[in-house]
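Thanks for making time this morning. I would like to walk you through one structure, going from its surface to its helix packing and then to its charged pairs.

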Amino acid sequence: QALTLMFVYVWSRRNPFIHLNFLGILTFKAPYLPWVLLGFSLLLGGSVAVDLVGIAVGHVYYFLEDVFPNQPGGQRLLKTPSLLKWIFEGTVDPAYAAAPEERPGGFNWGNHENQNDQ
């Protein structure tokens with residue numbers, strides 16, 4: 001539950017202008033979503049402490065990843081370990097060209113050669 005709420009918190013802070021509707025009753029902007037979920041958990045008798053931990057960890061991550069590096073004199077304190085970069089990034093073949101069926105979209109909308117002249 002805490003990990004989920006942490007992701008929800010980070011998403012909601014990165015998308016502040018998205019409007020949400022909760023159970024068809026309550027309409028609000030995305031930054032309030034973690035608090036709405038906390039209140040709903042409270043109504044259902046869930047552990048509010050676990051939800052608060054998720055919100056707190058999400059806030060720390062959001063601050064260190066998105067806010068602090070953009071401040072004067074700020075820097076990124078959270079960096080991906082080199083081992084994970086080595087495992088998941090791999091090498092990119094510069095001569096690689098995706099097959100047409102692998103390209104997004106699937107249709108060449110700008111190609112006027114296929115139009116019938118009538």
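Let me begin on the surface, where L23, I25, L26, F40, L43 and L44 make up a nonpolar patch of about 690 Å². Please keep in mind throughout that this is a predicted model, and that the values I quote are computed from it.

Two members of that patch deserve a closer look. I25 sits in the loop that runs between β1, residues 19-22, and β2, residues 26-29, and it counts as exposed because its relative accessibility is 74%, where the cut-off for exposed is over 50%. L23 is found in the loop between β1 and β2 as well, and with a relative accessibility of 58% it too counts as exposed. The backbone at L23 is worth a remark, since this residue has a positive phi of about 55 degrees although it is not a glycine. For context, most residues other than glycine have a negative phi.

Let me turn now to the helices. Helix α1, which covers residues 2-14, and helix α2, which covers residues 33-43, have axes that come within 8 Å and cross at roughly 145 degrees. On the α1 side the contact is made by L5, V8, Y9, W11 and S12, while α2 contributes L33, P34 and L37. If you sort the residues of this contact by character, you find 7 nonpolar, 1 polar and no charged.

That brings me to the charged pairs. How many salt bridges does a search of the whole structure find? The search finds 2.

In one of them, the side chains of D66 and R14 meet with an N to O distance of 2.6 Å. D66 belongs to helix α3, residues 48-67, and R14 to helix α1, so this pair ties together parts that are 52 residues apart in sequence. R14 itself counts as partly exposed, at 42% relative accessibility.

In the other, R76 pairs with E65, and the closest N and O atoms are 2.5 Å apart. Here R76 lies in the loop between α3 and α4, the latter being residues 82-89, whereas E65 is in helix α3, so the parts tied together are 11 residues apart in sequence.

Are the two partners of this pair buried or exposed, or something in between? R76 counts as partly exposed, with a relative accessibility of 44%, whereas E65 is buried, because its relative accessible area is 16% and the cut-off for buried is under 20%.

Definitions and conventions:
Residues numbered from 1 in each chain as written. Predicted model: local features only at pLDDT ≥ 70, side-chain atom pairs only at ≥ 80, totals over all residues. Heavy atoms only, no water. Patch = residues over 30% accessible without salt bridge, like charges linked within 9 Å, V, L, I, M, F, W, Y side chains within 5 Å. Areas by Shrake-Rupley, 256 points an atom, 1.4 Å probe, with all protein chains shown as cover. Salt bridge = Lys/Arg side-chain N within 4 Å of Asp/Glu carboxyl O. Helix = DSSP H or I, 4+ residues; strand = E, 2+ residues; numbered from the N terminus. Buried < 20%, exposed > 50% of the residue type's maximum accessible area, 1.4 Å probe, protein only. Axes fitted to C-alpha atoms, helices over the stretch in contact; angles between N-to-C directions. Contact = heavy atoms within 4.5 Å. Nonpolar A, V, L, I, M, F, W, Y, C, P; charged D, E, K, R; others polar.
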